[in-house]
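Let's take a stroll through a protein together. Keep the picture open as you read, and look for each spot as we get to it.

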Amino acid sequence: MSRTNKYVCIHGHFYQPPRENAWLEIVEQQESARPFHDWNARITFECYAPNAAARILDAERWIVKIRNNYNRISFNFGPTLLTWLEQNDPEAYALLLAADKRSAERFGGHGSAMAQVHSHLIMPLCNYRDKVTQVSWGVRDFEHRFGRYPEGIWLAETAVDTETLEVLAAHGLSYTVLAPRQAKAVRKDAAGAWQQVTAETIDTRQPYWVNLPSGRRIAVYFYHGGVAQEVAFSGLLNNGKNFAKRMLSLFDNDNTPQLAHIATDGESYGHHHRFGEMALADCLNHIEDNQFAKLTNYGQYLELFPPEWEVQIHENSSWSCVHGVERWRSDCGCNTGGNPGWHQRWRKPLRETLNWLRDKLIPIFEKEGGRFFRDPWAARNEYIDVMLQRSESAIAAFLEKHARRKLSPLEEVVALRMLEMQRHAVLMFTSCGWFFDEISGIETKQILQYALRAMDYALDVAGVDLNPEFTRRLAEAPSNVFASGAAAYLQDVVPTRVNLERVATHFAVVSLFEEKAHGLDLFNYDGNVEFFERIEAGTIIFASGRISIRSQLTHAEKTFCFTVLYLGQQHIIGNISGEMTKSVFEEMHQRTTKAFKSANLGEVIGILQEYYGPEKFTLASLFTDEKVKIIQDITATSLQLAESQFRDLFNDNYQLMTALLDNGLPLPEAWRNIAAYVLNADLMYFFENGHMRDTPTLRRIAEDLKRWSVTLNDAEAVGHAIGERIHREIIKITLDESSLPRIKWLSEVLKIVQTMPVKPVIWKSQNIFYLLTKGYRKEQWVFLNEDWKSTFEELAELLKVRLK
C-alpha cells in the first residue's frame, strides 16, 4: 500500500455535564465518586491528566516512553470543564495549553485544539440570538485560554442545521466535524448532479464544502462511524497496535490524499476504558514510528488538501440520536438503556416550558437592559469577558464599554443581575438535561437550577414572578419516579436556592467551629465581618455577630445580624435577621452574652426569640462540603471510641484467633470484620501520616492481612492513599546522596505493598520517575557509589520503568 499522502487524525471530545451548584458555582462533594471529591476529579485522574502523560509499554509491560497525547491528536474541551480544570488541576490544564502550542509546531502552524459552542446547547433547537451567543462565548473562551483564534469548533452532540453553519462561518471559523449519517448528498462541482449518500457510502477520508445561502462556506469533516463505534463500544482500545491497524485499514492502495479519522468522547481514553490513554499513545506511536502514515489535525489537512467536493447536510441531525435532534425534545426512543420500561415523555413539556421561560425573559431584558446598555444583546455576547475574569477591574471595563452612562452602585447591581439572568437563561438549555432517562435525574435538576436562578433575577430586576406559571407548566411533564416534573423540582431544586441570607446563615454556623471566622471562604460571595464574638463553655458554644454579604457576580449587598448556639453533637440552633439595626443588635448581644455566661441557656433562647422571632436555622443550613466536614468533625470523637474498642478486641483476641487458625478451626466472621476495620485504619494512617522509619509497622500489617485472609473495607481508597504517598515522596528525590534513604524507603514500601490485596495507583509516580531518569537513559549519569546505583535500579524495577 502506498503511504504517500496518507494521514491519520483522532479527535477526542472531552466534556462533562455541568455539576456546580448554580449559586455557589462550585462542584460540591459527590459520594458516588469516592474516593474522589466529585466526578470531575475522578475523571481527571483517570483520563484528562493521564492523556497528558500517557505511558507506552514494551512486551514485558515496562514503561519505555511517555507521550502527551494531546499534541498528537485533535481535541476540544468544554469551556465549563476547562474552568474547573484551571482551578482544580492547574498542572493538567497547563499541559493541555502546552500541547496545543506543541501541536502547532508539529502540524504546520495549526494547533490541535478546537473550540466548542460554549454551554453545550443543541444548536438547531436554539433561537438565532442564542446560537450567536454560544459561538461568541465559545470563541472568546478559546482565545482567552489558548492565546489564538480557533480554526474549528465542535458542535454539542454534533447537532447541526444550516443556520448554525451560517453563524460559524460569520465568526470566521473554517471547519466543524459531523457524524457520517449527517451527510445527505455530495457533488464534485457546482454544475454536477447531487449524489445521495448514507453513513456507509459517504467517503469520510476527505473534507467537504458546505456552500451557504449567505454566500459564505465552511468545511465539514465526517468522521468514520464504524471505527468510532469500535473504540467506544467494541474493545478496540484493548490493544494499541490493533487500533492503529484498524485506522490504517481505511486507506485505499493508491496515491490520492486520504485522511483516516474518527471522533469519539475523549473519556473513552482512560475513563470509560481503563488504560485507554495508553492504547491511544501506542496507536499513535505505532503509526508514527513505522511511518505507516502521517499524523495530522483538521486545520493542517484543510490547508494541504482543500475540499474538492460539496455536501448537503441533513437538517436538524446529530451524532447521538438517529431521529435527528428529537432526543432533546420528544420521547423518540433514544435513551441510555439502563432503565427498561421508563418513558421520556417529559422531554417535550420540559423543552416547551424552558422555551416559554426564555421568551418571557427576552422583553424583560430588552426593556430593563435598554435603560443601561447601548445594545443589550451585544452586551450579553461580550459578557463572556466578565465570566472569564470575575474581578472588579473586568466589570468596570465591561460597563465602561457597554453602559450608556456612568451607573450608580444600585444601577450597577440591576445591570449585572440582568446579564446573570440571561447567562442562566442560556445555561438552562444545556443538552445533558434531556439526554438521560428521567426528569428527576441530576442533569435535569441542574438545568432547572439555572432556570430557577434566572427567574429569581427576573423577580429582582423587574418584579415579575414567573415561578408559579413555570411550576404549573412543569407539572405537565410526567416522571417515572415522581408525580410530575414539578414535584421533583419543588422537592429537589427549589430548596437548593441560595440568597444573601443563606450565605450569612452558612457563615454563622461555620463560625462556631473555625478559629479564624473572618477569613472564611464564601465562594461567590464576600463577607465583611463588622462584629463577631464566640464564647465557649465546655462543649456548648455561643457565637454572635454582624456581617455584610456581597455578591461577587452582581455586587448586591446586605448586612445581617446573627446568633447561634452549638449544644453538642449535631444540635445547632440559630437566628438571623437582615432588618435588625446595629443598636438593637448591641442591646440583644449584651443580654444574651450575660445570660450565657450565667449558664442560663433557657434565658438565652428566650431572649433570641424575643429579638429574632420564632424562625430558626440548624446544621441543615450549611452548604454541602462544609456540612460534611463539620459532621465528620462532630462524629470523630464517637468514631475514635469505636475504633479504640475494635482495636482492644483485635489485640485481646489475637492469640486466641491464631490458635483457632493453627488448629484449622473456622474464624468467627465478626473477628474478620474487626480485623478488616483495624488493618484498614492502620494502612490509611501509615500512608497518610506514617514516618519513613516505620516500615516494620507496614510489614506487620501486610502479614496480618495475609494471615487472616482479610478483605480491606475500602481497597480503592487505600490504593489511592498509597499512590498519593508514593508520589509525595518521589517528587522529593534529588540526584545526590541525600535522597538515598528516601529511595530505599520507597523500594521497601513497594515490595511490601506487592504482597497486599490492594492495587496502588502509582501512574503519577511512574511518570515522575521516568522523567527523572532521562539522564540515565542517555548515559549522562555518574553514580556516587554502587549502593546508590543498585538502589536506584531496584526502584526502577519496582516501578517498571525501563532505564536502558
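Before we start, one bit of vocabulary: two strands count as paired if DSSP finds at least two bridges between them. Also keep in mind that what you're looking at is a predicted model.

Now find strand S11, residues 217-222. Its neighbour S10 covers residues 208-211, and four bridges join S10 to S11 in an antiparallel arrangement. Together S10 and S11 make a hairpin, with five residues between them. In that turn sits glycine 215, which has a positive phi of about 100 degrees. To see one of the links for yourself, go to asparagine 211: its bridge partner in S11 is arginine 217.

S11 has another partner too. Strand S7 (residues 175-178) pairs with S11 over four bridges, and here the sense is parallel. For example, leucine 178 has phenylalanine 222 as its bridge partner in S11. So is S11 mostly covered or mostly open? It is mostly covered, as five of its six residues are buried.

Next, jump along to helix H26, residues 715-730. Here's a nice sanity check: at 1.5 Å a residue, its 16 residues should span 22 Å, and the end C-alpha atoms are indeed 22 Å apart, so the two agree. H26 is largely enclosed by the rest of the structure, because 12 of its 16 residues are buried, meaning under 20% relative accessible area. Among them are Ala717, Val718, His720, Arg725 and Glu729. What do the buried residues of H26 pack against? They pack against helices H1 (39-48), H24 (669-689), H27 (740-753), H28 (763-772) and H30 (786-799).

Finally, let's look for empty space. A search of the whole structure turns up three cavities of 30 Å³ or more. The largest has a volume of about 60 Å³. Strand S4 (74-77), helix H2 (79-88), strand S5 (113-116) and helix H4 (128-146) each give two or more residues to its lining. Which element gives the largest share of that lining? That would be H4, with four residues. By class, the lining of the largest cavity has seven nonpolar residues, three polar and one charged. Including Phe77, Leu82, Met114 and Asp141, its lining residues are easy to pick out in the picture if you search by number.

The second largest cavity has a volume of about 40 Å³. Its lining includes Tyr15, His118, His120 and Tyr450. That lining has four nonpolar and five polar residues, with no charged ones.

Note on methods: Residues numbered from 1 in each chain as written. Predicted model: local features only at pLDDT ≥ 70, side-chain atom pairs only at ≥ 80, totals over all residues. Heavy atoms only, no water. 1 Å grid on protein atoms, 1.4 Å probe; cavity = no way out; pocket = protein on both sides within 12 Å on 5 of 7 lines; lining within 4 Å. Points joined across faces, edges and corners; volume = space filled by probe spheres on them. Nonpolar A, V, L, I, M, F, W, Y, C, P; charged D, E, K, R; others polar. Buried < 20%, exposed > 50% of the residue type's maximum accessible area, 1.4 Å probe, protein only. Expected span 1.5 Å × (residues − 1). Contact = heavy atoms within 4.5 Å.
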